[in-house]
Each structure stands twice: as structure tokens, then as C-alpha cells.
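Reader: I'd like a close look at one part of this model, with the surroundings filled in as you go. Could you take me through it in one go?

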Amino acid sequence: MYNSNQPRVPKGSPDGGQWIGGHTSRSAFDEMSANDKMRFIKSGGEVLEDSTDPRLELSKMVNALPVVINPNLGNEATTISGVRVEIGPKFQAYPKQIQLEILTHEAAHFHELDMWYLKNKADWDLAARTKAGHLNGQTTPGEIIVEAYSVAWHDPGFLRANAPGLLRDLRDGIIAVGLPMPPLLRST
Ligand SMILES: [Zn+2]
């Protein structure tokens with residue numbers, strides 16, 4: 001079991017209270033059932049209808065996560081791998097896109113991409129392979145590799161520019177644990 005307690009520093013800034021996506025008003029959201037609310041949160045506030053959209057695979061995987069709301073959680077989210085993902089009040093204060101980025105990060109913990117990395121690659125100075133010495137504030141190998149998974153989906157140009165040395169290991173790990181492959185890595 002893995003408990004991720006390192007705080008995550010998203011690229012965007014928290015946008016207090018505004019977490020209703022594009023065409024969904026606050027009142028429409030309030031009328032949704034609890035299940036629909038959770039589905040809406042997990043989709044990043046976007047309904048994907050194009051079956052050729054590669055994000056559909058990501059969306060399905062994220063929707064399958066057992067996510068529970070923990071009102072006492074200090075971090076925005078935490079994962080007990082293979083068991084559940086917990087989201088807290090900080091998570092709910094983020095804009096939709098950042099929520100999806102966080103859930104993508106937590107999904108990689110859930111499916112033990114970090115464990116795979118530490119077991120099979122064990123590069124304890126993975127941060128040295130990033131240009132800034134960290135990736136979105138993540139500095140430890142397990143956190144860097146799961147954050148790289150989220151960034152590969154949501155900001156591939158940033159990952160390619162700032163951590164090109166991670167791409168091959170990341171791709172190997174994604175194949176090994178069976179996560180959806182981000183388009184960036186499909187031809188690497
Ligand atoms: Zn984490």
C-alpha cells in the first residue's frame with residue numbers, strides 16, 4: 001500500500017470556488033445526483049463524445065477509480081494504491097482541468113506506476129533528469145513518475161521540453177502496469 005502525502009503543486013493557481021466547467025451552471029450542478037456529480041468531477045467537466053478522441057481512454061480509466069470524498073483531508077487528494085482515492089476540500093476548490101490533472105496523478109498511484117518504477121528502475125535521483133530539478137514541485141522518484149504521467153496527458157509539450165529523459169522509462173512503466181498511453185508516448 002502506498003500513501004501519497006507529498007503536497008502537489010499544480011501549474012495553475014487555485015481558482016477559489018469556481019469548479020463548474022464550461023456549460024454547467026452552479027444550479028444545474030447542485031441538482032445532479034451524487035453519482036452524477038462524481039462522474040462530472042472525474043470527467044474534468046467535459047463530456048467526450050468523439051470515440052476517436054484519445055482522452056476517452058483516460059476518461060474511462062479515471063471514471064473507474066473508486067473515489068471518495070474525505071472532508072478532513074489536508075491534501076487535495078491521497079491514494080491508497082489498489083484500494084481508493086480520497087479527495088478533500090482543497091480538491092473541490094480547484095478548476096475542473098486541474099481536478100482532472102490531479103485525478104490522473106492519483107490514478108497512476110492507484111495503479112502503482114510509482115511502485116513499478118521504484119522496483120524496476122530505482123533511479124533515486126530522478127529529479128536530476130528534469131530541467132528544473134523537480135517536476136511541478138515533485139522531487140521524489142515515485143512522485144515524479146506519477147506526475148510525469150499526468151503531465152504527459154495534460155501538458156505534453158511541457159514534459160517533452162522539461163523532462164525528455166523521463167519519456168522512455170515512463171512509457172515502459174505505463175505498458176507494465178496497463179495504464180492508458182498518452183498520445184505523446186505512442187510513437188516514442
Ligand atoms: Zn502523489
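In which helix does Asp-172 lie? Start there, then take me to whatever that helix packs against.

Author: Happy to. Keep in mind that this is a predicted model. Asp-172 lies in helix α9. With 16 C-beta neighbours inside 10 Å, Asp-172 counts as partly exposed. The chain also brings Asp-172 together with a residue from another stretch: Tyr-117 is 55 residues away along the chain, yet the two C-alpha atoms are separated by 9.2 Å.

Now for the packing partner. Two packed helices are described by the angle between their axes and the distance between the axes. For α7 and α9, the angle is about 90° and the axes are 10 Å apart. The two helices are therefore roughly perpendicular to each other. On the α7 side, the contact is made by Ile-145, Ala-148, Tyr-149 and Ala-152, while α9 brings Leu-170, Gly-173 and Ile-174. If you look at how the α7 numbers are spaced, a bit of textbook helps: an α-helix has 3.6 residues a turn, so residues three or four places apart point the same way.

So what does α7 itself look like? Helix α7 runs over residues 141-154, which is 14 residues, and at 1.5 Å a residue that should span 20 Å; the end C-alpha atoms are 20 Å apart, so the two agree. α7 is also mostly covered, with 13 of its 14 residues buried. Compare that with the protein as a whole, where buried residues make up 37% of the 188 residues.

Ala-148 is a good residue to zoom in on. Leaving out residues up to four places away in sequence, Ala-148 touches Leu-135, Leu-159, Ala-163, Leu-166 and Leu-170. Ala-148 also turns up in the largest nonpolar core, which has 35 residues; the members that touch the most others there are Leu-113, Ile-145, Ala-148, Tyr-149, Ala-152 and Leu-170. Helices α3, α5, α6, α7 and α9 and strand β3 each supply at least two residues of this core. The largest share, eight residues, comes from α7. Domain 1 (6-110) and domain 2 (112-179) both give residues to this core, so it lies between them. As a general backdrop, nonpolar side chains in soluble globular proteins tend to be buried together.

Two loops deserve a quick look as well. Glu-112 lies in the loop between α5 and α6, and Asn-136 is found in the loop between α6 and α7. Neither is a glycine, yet Glu-112 has a positive phi of about 65° and Asn-136 has one of about 50°. Glu-112 counts as buried because it has 22 C-beta neighbours inside 10 Å, and Asn-136 counts as buried with 22 such neighbours too.

To step back, the protein has nine helices and three strands, and along the sequence they follow the pattern α-α-α-β-β-β-α-α-α-α-α-α. Of the contacts with a separation of 6 or more, 64% are between residues 24 or more positions apart. Another long-range pair involves Leu-56, which lies in helix α3: Leu-56 and Pro-180 are 124 residues apart in sequence and 9.7 Å apart in space, C-alpha to C-alpha. With 14 C-beta neighbours inside 10 Å, Leu-56 counts as partly exposed.

Definitions and conventions. Residues are numbered from 1 along each chain as its sequence is written. This is a predicted model: local features need pLDDT of at least 70, side-chain atom pairs count only at pLDDT 80 or more; totals for chains, interfaces and linings use all residues. Helices (H or I, at least four residues) and strands (E, at least two) are DSSP runs, numbered from the N terminus. The expected span of a helix is 1.5 Å times one less than its number of residues. A residue is buried if 20 or more other C-beta atoms lie within 10 Å of its own, exposed if 12 or fewer, and partly exposed in between; C-beta atoms are placed from the backbone. A nonpolar core is a set of buried Ala, Val, Leu, Ile, Met, Phe, Trp, Tyr and Cys residues joined through C-beta atoms within 7 Å. Domain bounds come from an automatic or database domain assignment. Two residues are in contact if their C-beta atoms, placed from the backbone, lie within 7 Å. Axes are lines fitted to C-alpha atoms, for helices over the stretch in contact, and angles run from 0 to 180 degrees between N-to-C directions. Angles under 35 degrees count as roughly parallel, over 145 as roughly antiparallel, 65 to 115 as roughly perpendicular and the rest as oblique.
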